[in-house]
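Dear colleague,

I am handing over a structure that may be new to you, and below it you will find an account of what turned up in it. Please look through the sequence and the model first, and then read on.

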Amino acid sequence: MRNTAASRRLCCGLLAVGAGWLLAGCAAPPVETYADERPALDLKTYFNGRLLAHGMFQDRSGRVVRRFVVDMTGTWNGNQGVLDERFTYSDGKTERRVWHLVDDGDGRYRGTADDVVGQASGQARGPAFHWRYTLRLPVDSTVYEVQFDDWMYLIDERVMLNRATMRKWGIRLGEVTLTFTKLEP
């Protein structure tokens, strides 16, 4: 997001601290709420093989400021997984993120990537997966650490929806919405 109007708006949003921005939205239910729902999500099965995702970033006003496609390949060896994501944005820019995932059992996962601060951690129950992480986000010449509250919901064996809320200093910056489609096992 370098040198674009969208990145400047995001940067201004990161710096805008006012009473209105400090109000928090309603908290999501705990992931355990979905434990008895089906189909059950197994990340090692779903994120194994090739997937394609279509997504967008909306700023806090709801305006779509960036659209993208992600070509992904997931591989697992025991409880260790790699998810290779290749982003192509609507402005033609590309990006790559490689997640290294660990299945800790009982639906609990953790992950690392080069632009993630520390580790992501999350839990799957029923068709839902909830995880949190901090991402280093470059905006113009500055890199911000932005917190992601990320929810994924399996619709069927091929389609999963993803909604992530981005925050900085507790301020909601916007949301990322994705639709994943599993192309092959």
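**The largest pocket**

Strand E2 (64-77), strand E3 (80-89), E4, E7, E8, E9 and E10 each contribute at least two residues to the lining of the largest pocket. Please keep in mind throughout that this is a predicted model. Among these strands, E7 provides the largest share of the lining, namely seven residues. The volume of this largest pocket comes to about 660 Å³, and of the 35 residues that line the pocket, Phe87, Arg97, Tyr133, Leu135 and Phe148 are the closest to its centre. By character, the lining of the largest pocket is made up of 27 nonpolar residues, seven charged ones and one polar one.

**Salt bridges**

Across the whole structure, a search finds twelve salt bridges, and a few of them deserve a closer look. Arg97, which was named above as one of the residues closest to the centre of the largest pocket, meets the side chain of Asp115 in a salt bridge with an N to O distance of 2.8 Å. This pair links distant parts of the chain, for Asp115 sits in the loop between E5 and strand E6 (116-125), while Arg97 belongs to strand E4, and the two are 18 residues apart. Is Arg97 buried or exposed? With a relative accessibility of 12%, Arg97 counts as buried, because buried means a relative accessible area under 20%.

A salt bridge also joins the side chains of Arg132 and Asp149, at 3.2 Å from N to O. Here too the pair links distant parts of the chain, with Arg132 in strand E7 (residues 128-139) and Asp149 in strand E8 (residues 142-154), 17 residues apart. Asp149 counts as partly exposed, at a relative accessibility of 25%.

In a further salt bridge, Glu175 pairs with Arg163, and their closest N and O atoms are 2.8 Å apart. Since Glu175 lies in strand E10 and Arg163 in strand E9, the pair ties together parts that are twelve residues apart in sequence. As for their surroundings, Glu175 counts as buried at 11% relative accessibility, whereas Arg163 is partly exposed, with a relative accessible area of 47%. Finally, Asp84, Arg86 and Arg96 are joined into one network by salt bridges that share partners.

**Backbone details in the loops**

Three places in the backbone should also be mentioned. The peptide bond that joins Arg38 and Pro39 is cis, with omega at about 5°, and Pro39 is placed in the loop between helix H2 (19-22) and helix H3 (43-46).

Asp106 has a phi near 55°, which is a positive value in a residue other than glycine. This residue, Asp106, is found in the loop between strand E4 (94-105) and strand E5 (108-112), and at 56% relative accessibility Asp106 counts as exposed.

Trp169, although not a glycine, likewise has a positive phi, of about 55°. The position of Trp169 is in the loop between strand E9 (159-168) and strand E10 (171-182). With a relative accessible area of 48%, Trp169 is partly exposed, because the exposed class requires a value over 50%.

With best wishes

Key: Residues numbered from 1 in each chain as written. Predicted model: local features only at pLDDT ≥ 70, side-chain atom pairs only at ≥ 80, totals over all residues. Heavy atoms only, no water. Helix = DSSP H or I, 4+ residues; strand = E, 2+ residues; numbered from the N terminus. Buried < 20%, exposed > 50% of the residue type's maximum accessible area, 1.4 Å probe, protein only. Salt bridge = Lys/Arg side-chain N within 4 Å of Asp/Glu carboxyl O. 1 Å grid on protein atoms, 1.4 Å probe; cavity = no way out; pocket = protein on both sides within 12 Å on 5 of 7 lines; lining within 4 Å. Points joined across faces, edges and corners; volume = space filled by probe spheres on them. Nonpolar A, V, L, I, M, F, W, Y, C, P; charged D, E, K, R; others polar.
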